[in-house]
Amino acid sequence: MSSGAASGGAAGSEPAGAAVHARSPNVVWHAGELTRERRWEALGGLRGATVWFTGLSGSGKSTIAAAVEKRLVESGRPAYLLDGDNLRDGLNGDLGFDPAARDENVRRAGEVARLFADAGLVALVSLVSPYRAARDAVRALHEEDGLPFVEVWVSTSPEECARRDPKGLWAKAASGELSGLTGVDAPYEAPERSALELSGEGTVETATERVTALLA
């Protein structure tokens, strides 16, 4: 996740992380002819959900999320990985890394994940998402819509993330080439009620087992 990537949208005088769920004017939600239950019934009774992986760049969250996606799909359960860098390659390509842009990144990812979950897929979102309020706003969005939301904190230490440094971001931050890296000179607010905490230092297989167990 470039520059410590991803979070959701603060607006106006709201503090960073205080995402506001704005709606376009003169818009009315168009209900389809199928209920959620009917859609899920067509998938053999499988239920949609969102699993939100949060943690520092290099923590291993994307690796774990990809392994969970593979495990679920191979077992016959539809799932899709919404990775922060992938989203910034298209949908969120217009966003920077200031606090408001990070919040908007999270908000958009949360809205897409909600639609995927409503369709019956397991949306696996991997974002640094450093601000607690922005993550909680996505949780509330799902809860209001009666959809499961599972927050997974990959709590790998900054020291271990810097040692791994798969994208070279920590080295760039250390040399002064990069500013605003979450965990260095930008804050990360740890979850207070995550469903699961993974140290990020165990095996991917073990982490995959623990996450999929939450979806049983």
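**Strand S4 and helix H2**

Trp52 stands opposite Glu151 in S4. I start from that pair and work outwards; please keep in mind that this is a predicted model.

Trp52 belongs to strand S1, residues 49-54, and S1 pairs with S4 in the parallel sense over five bridges. S4 itself covers residues 149-154. It has a second partner: strand S5, residues 196-198, runs parallel to S4 and is joined to it by three bridges. There, Trp153 of S4 stands opposite Glu197.

Is S4 mostly covered or mostly open? Mostly covered, with six of its six residues buried. Phe149, Glu151 and Trp153 point one way from the strand, while Val150, Val152 and Val154 point the other way. Both sets are buried.

Now to helix H2, residues 61-74. H2 has 14 residues, and from its first C-alpha to its last it reaches 20 Å, close to the 20 Å expected at 1.5 Å a residue. Which residues of H2 are buried? They are Lys61, Ile64, Ala65, Val68 and Leu72. Looking down the axis of H2, these fall within an arc of 100 degrees, so they line one face of the helix. On the other side, Lys70 and Glu74 are exposed.

What covers the buried residues of H2? The cover includes S4, along with S1 and S5. Strand S2, residues 79-83, strand S3, residues 122-126, and helix H8, residues 204-213, are also among the elements that cover them.

One last detail, at the end of the helix. Just after H2 comes Gly76, which takes a positive phi of about 95 degrees.

Technical notes. Residues numbered from 1 in each chain as written. Predicted model: local features only at pLDDT ≥ 70, side-chain atom pairs only at ≥ 80, totals over all residues. Heavy atoms only, no water. Buried < 20%, exposed > 50% of the residue type's maximum accessible area, 1.4 Å probe, protein only. Helix = DSSP H or I, 4+ residues; strand = E, 2+ residues; numbered from the N terminus. Pairing = 2+ DSSP bridges. Expected span 1.5 Å × (residues − 1). Arc of directions from axis to C-beta. Contact = heavy atoms within 4.5 Å.
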